[in-house]
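Q: Hey, could you walk me through this one? I'm new to it, so plain words please.
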Amino acid sequence: MPQTAKWWINKGDKIECLLCPRLCVLSLGETGFCGIRKHESGELSASGYGMVTAESPDPIEKKPLYHFYPGAIAWSVGFAGCNLHCPFCQNHNIARAKPDSGRFTSPSKVIDDAISSGAEIIAYTYSEPTIHFEYLMDCAYRASSVGLKNVLVTNGNLNSKPGLELLSKMDGVNIDLKSWDSDYYKKTLGGNLKAVKHFIETALEHCWVEITTLVVPGDNDGEDEIESISEWIASLSNDIPFHLSAYHPAYKYSRPATSTNKMKQVYDVASKKLHFVYIGNLGIANNTHCPDCKRTLISRSAYSVQMAMRDKNCPRCGLKVPGVFK
Ligand code: SF4
């Protein structure tokens with residue numbers, strides 16, 4: 001059910017999409033790189049509006065968000081398309097699917113399904129949700145009006161005005177920061193490092209933020225690169241949770257998975273700069289410890305969570321734990 005999209009201008013008989021830094025200029029009938037936004041009848045159309053390719057009640061830890069409603073269920077919805085072309089994409093079947101893949105699900109139905117499942121949160125996730133800007137805004141508005149929280153899992157490759165509008169509706173976000181090399185971002189991933197950094201800075205002004213870097217052997221697993229990323233995150237706040245995820249061979253990449261040793265190395269590097277660093281995709285227990293007295297505050301095991309905080313503080317030293325807790 002296509003809808004007229006936001007964020008575009010006419011360029012002669014063409015249309016320029018202003019949603020993401022790709023700024024696709026589209027002739028009549030042409031679809032942008034993301035495979036979703038299309039020039040139709042002199043307007044930009046959100047051609048995959050409401051076409052949900054995946055929906056599931058997931059633990060919030062799976063997004064991953066570790067300091068946002070720990071243990072809560074997030075009704076998770078995903079869609080076709082993506083505005084990057086990462087050659088190691090772990091979700092390429094969805095990311096490269098056609099816009100009409102999936103099943104039309106109205107925003108009201110998403111809210112009803114979330115409530116029926118017992119979820120307290122709606123998560124826009126799985127591939128790249130932001131290219132479905134209009135649908136996300138419609139869902140998020142309805143969700144917040146009935147007391148549900150909204151969280152976004154995104155590559156953050158969005159222009160500043162749409163980014164601001166979307167983030168103002170979100171309660172939490174996990175943003176990929178895939179590399180510290182702007183050439184690699186552009187050539188290998190098709191993204192824009194400057195835009196992603198700006199998106200992260202904007203998000204920090206509006207909602208709870210966690211950051212993820214997929215550690216890809218030979219691409220971004222150098223200690224200097226992880227150190228640079230960690231230093232920059234720490235310059236914003238050393239309380240931002242940082243998830244280092246192990247890569248597994250997928251899509252066009254067949255090189256071996258990131259080793260446990262490598263993940264421990266980059267964990268040590270990041271932990272020198274940041275209070276809350278977690279390792280993902282290896283089945284390692286990722287407990288949260290008090291940065292001051294080292295007391296375990298949140299224990300996690302296969303998405304089961306045990307909280308040991310007292311009134312959102314460390315029960316031993318009283319430190320306020322950063323995050324959004326019930
Ligand atoms: S959102 Fe899609 S159509 Fe718009 S600029 Fe980005 S890739 Fe191109």
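A: Sure, let's begin with a pair of helices. The crossing of helix 4 and helix 6 is right-handed. Keep in mind that this is a predicted model.

Q: Which residues make that contact between helix 4 and helix 6?
A: Helix 4 brings Ser-160, Gly-163, Leu-164 and Leu-167, while helix 6 brings His-198, Phe-199, Thr-202 and Ala-203.

Q: What kinds of residues are those, polar, nonpolar or charged?
A: The contact of helix 4 with helix 6 has 4 nonpolar residues, 4 polar and no charged.

Q: And at what angle do the two axes cross?
A: Roughly 30 degrees, with the axes of helix 4 (residues 160-167) and helix 6 (residues 193-204) coming within 10 Å. Angles under 35 degrees count as roughly parallel, so helix 4 is roughly parallel to helix 6.

Q: OK, switching to the ligand. Which residues are around the ligand?
A: Going along the chain, you'll find Cys-17, Leu-19, Cys-20, Arg-22, Leu-23, Cys-24, Gly-32, Phe-33, Cys-34, Arg-37, Asn-83 and Ile-131 around it. That shell divides into 8 nonpolar, 2 polar and 2 charged residues.

Q: Where does Cys-17 sit in the strands?
A: Cys-17 is in strand 3, and Trp-8 stands opposite it. Strand 3 (residues 14-17) runs antiparallel to strand 2, with 4 bridges joining the two.

Q: What sheet do strands 2 and 3 belong to?
A: An open sheet of 3 strands, in the order 2-3-4, with antiparallel pairing. Its edges are strand 2 (8-11) and strand 4 (25-26), and each of these pairs on one side only.

Q: What holds strands together in a sheet, generally?
A: Backbone hydrogen bonds, with the strands either parallel or antiparallel.

Q: What's the strand order in the sheet with strands 16, 17 and 18?
A: The order is 16-17-18, in an open sheet with antiparallel pairing. Strand 16 (288-289) and strand 18 (304-307) are the edge strands, each pairing on one side only. Strand 17 (residues 296-301) pairs with strand 18 over 4 bridges, and Arg-300 stands opposite Val-305 of strand 18.

Q: Now the backbone. Which residues does the cis peptide bond join?
A: Lys-63 and Pro-64, with omega at about -5 degrees. Pro-64 lies in the loop between strand 7 (51-59) and strand 8 (73-79). For context, most peptide bonds are trans.

Q: And what is phi of Ser-41 near?
A: Near 50 degrees, which is a positive value in a residue other than glycine. Most residues other than glycine have a negative phi. Ser-41 lies in the loop between strand 5 (37-40) and strand 6 (43-46).

Note on methods:
Residues numbered from 1 in each chain as written. Predicted model: local features only at pLDDT ≥ 70, side-chain atom pairs only at ≥ 80, totals over all residues. Axes fitted to C-alpha atoms, helices over the stretch in contact; angles between N-to-C directions. Parallel < 35°, antiparallel > 145°, perpendicular 65-115°, else oblique. Left-handed = near helix turned anticlockwise from the far one by under 90°. Contact = placed C-beta atoms within 7 Å. Nonpolar A, V, L, I, M, F, W, Y, C, P; charged D, E, K, R; others polar. Near = placed C-beta within 6 Å. Pairing = 2+ DSSP bridges.
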